Amino acid sequence: MEPPFSESQANFYYSRHYLEYAVLPLLKLLCLTVIGLILAHPRTQLVPKATFKLLSKLVFALFLPCTIFIHLGETITVKNFIRWWFVPANVLLSTAIGCLLGYLVTKICKPPPEYFRFTIIATAFGNTGNLPLAIVGSVCHSDDNPFGPDCYTTGVSYVSFAQWVAVLLVYTLVYHMMEPPMEYFDVVDDGGEIQEPLPSNDLSRPLLVEAEWPGMEDRETEHCKTPFIARVFTSFSTLSHSSIPDPDSLEEVPAPTSPKSIRCLAEPQVVRRLRIVAEQTPVRHVLQPPMLATLLAFIVGMVTPIKSVVYGDAAPLAFITDSLQISAQAMVPSVMLILGGMLAEGPNESELGLRTTVGITVARLLVLPLVGSGVVYLGDQLNFLIPDDKMYRFVLLLQYTTPSAILLGAVASLRGYAVKEASALLFWQHVFALLSVSIYIIIYFKLLLSYV
């Protein structure tokens, strides 16, 4: 049944039929996930794990960058860049609130001390990329969707606009929070949890390690599997200097020539140590295909003469954007098939404990969306949001609703810390997210489609 054409009649129609428009897109995604699970299940083995890993690399290197460039570049302007400021700010807010909830989980559930920081970051850092894009793509798939004819383009643009903040968080906050604890470093090192790095084509690695950011675990740095920050900021350590480098040895300071130069060139110790940590942070790795596509979309989209050549039916380079558009259409089904393949592997053994696993899952999937709804409502009341843009609000709410980012598994593998725990936690979160995300999206549709 087609909705009425009058705007007031359409609002009334969608508010009465919100359940249908909320459930059908979720059923489509669920079907794709089940297909991926069946194809990858060990009993059927219709598609080998190697194929899913190659598919994840295609998503990362081709389908996702094409999606970002096509839709973000078409809609971004200097004016929109300013108007959309709350989208990346909301990622920071959701992460900060998640950190507070994670800290409460540690106080209530009492995880093993070595997983204190892992509990916090697993609660805080959610999936702000592939999964929201898949949800938006499914919601906007039908022509009579409640968000209008530009539903998919604007939705993808809003999600993509937050990617650069999420990537920076991965290589700063998440990277350092996943550092192996110094007091357990010798135990971990001797106990065999940190083994010789596996070759990049080893099929024994879980699919989740490469499901969202393929190749991250292969970008090891000299100190990525050591408690480097703790070593820098601790004057006394029981660890051998051979296993953890002395920060003083990381740089050579030229000897001052006079007492005056000592006074002028002396650097505060805390500032110096912060600088050493910043130098050892692998921010250079952020320039990956999705991030490059985002930057290119910004440049092309905000420079009008270039934009007119690339985007539009009459543009001279329209055949290129059409080709990228064809490639981008494979992203949503590929992401959900990969998710099904990841769930088919089952959970790994974990030392995190049932109580902590339940605590993180409840905080991330049930409590954080409630808090996020309040944040978005408050932002609306303070006129921080774009007026009368339901998709804008829907994307903001999704940032609080998704499970922990699959990237945690890749970072855990990179840092040699909580690898099994990240795998098990991500499995159970994504299993229960099928229910929690569905419930909250129904609630969001009820609220947004009643919004005038």
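Me: Buried means under 20% relative accessible area, exposed means over 50%, and partly exposed lies in between (1.4 Å probe, protein chains only). This model is predicted, so local features need pLDDT of at least 70 and side-chain atom pairs pLDDT 80 or more, while totals for chains, interfaces and linings use all residues. Residues are numbered from 1 along each chain as its sequence is written, and side-chain values use heavy atoms, without hydrogens and water. Is Leu24 buried, exposed or partly exposed?

Reply: Leu24 sits in helix α2 (helices are DSSP runs of H or I with at least four residues, strands runs of E with at least two, numbered from the N terminus). The relative accessible area of Leu24 is 43%. That makes Leu24 partly exposed.

Me: How many aromatic pairs are found in the whole structure?

Reply: Rings of Phe, Tyr and Trp (its six-membered ring) pair if their centres lie within 6.5 Å. Planes under 30 degrees apart are stacked, over 60 edge-to-face, and the rest tilted. The search covers the whole structure, and the number of pairs is 18.

Me: What kind of aromatic pair do Trp84 and Phe161 form?

Reply: Two values describe a ring pair: the distance of the centres and the angle of the planes. For Trp84 and Phe161, the centres are 5.5 Å apart. Their planes meet at 80 degrees, and the pair is edge-to-face.

Me: How many residues apart are Trp84 and Phe161?

Reply: Trp84 is in the loop between α4 (78-83) and α5 (86-109). Phe161 is in helix α8. The pair links distant parts of the chain, and the separation is 77 residues.

Me: Is Trp84 buried or exposed, and what about Phe161?

Reply: Trp84 has 4% relative accessibility, so Trp84 counts as buried. Phe161 has 1% relative accessibility. Phe161 therefore also counts as buried.

Me: Which kind of pair do Tyr103 and Phe116 make?

Reply: Tyr103 is in helix α5 and Phe116 in helix α6 (residues 116-124), 13 residues apart. Their ring centres lie 6.3 Å apart. The planes are at 90 degrees, so the pair is edge-to-face.

Me: Why does Phe116 count as partly exposed?

Reply: Its partner Tyr103 is partly exposed, with a relative accessible area of 39%. Phe116 counts as partly exposed because its relative accessibility is 33%.

Me: Which residues do ring pairs link into a cluster with Trp84 and Phe161?

Reply: Trp84 and Phe161 pair edge-to-face. Ring pairs link these two into a cluster with Phe81, Tyr158, Phe298 and Tyr392.
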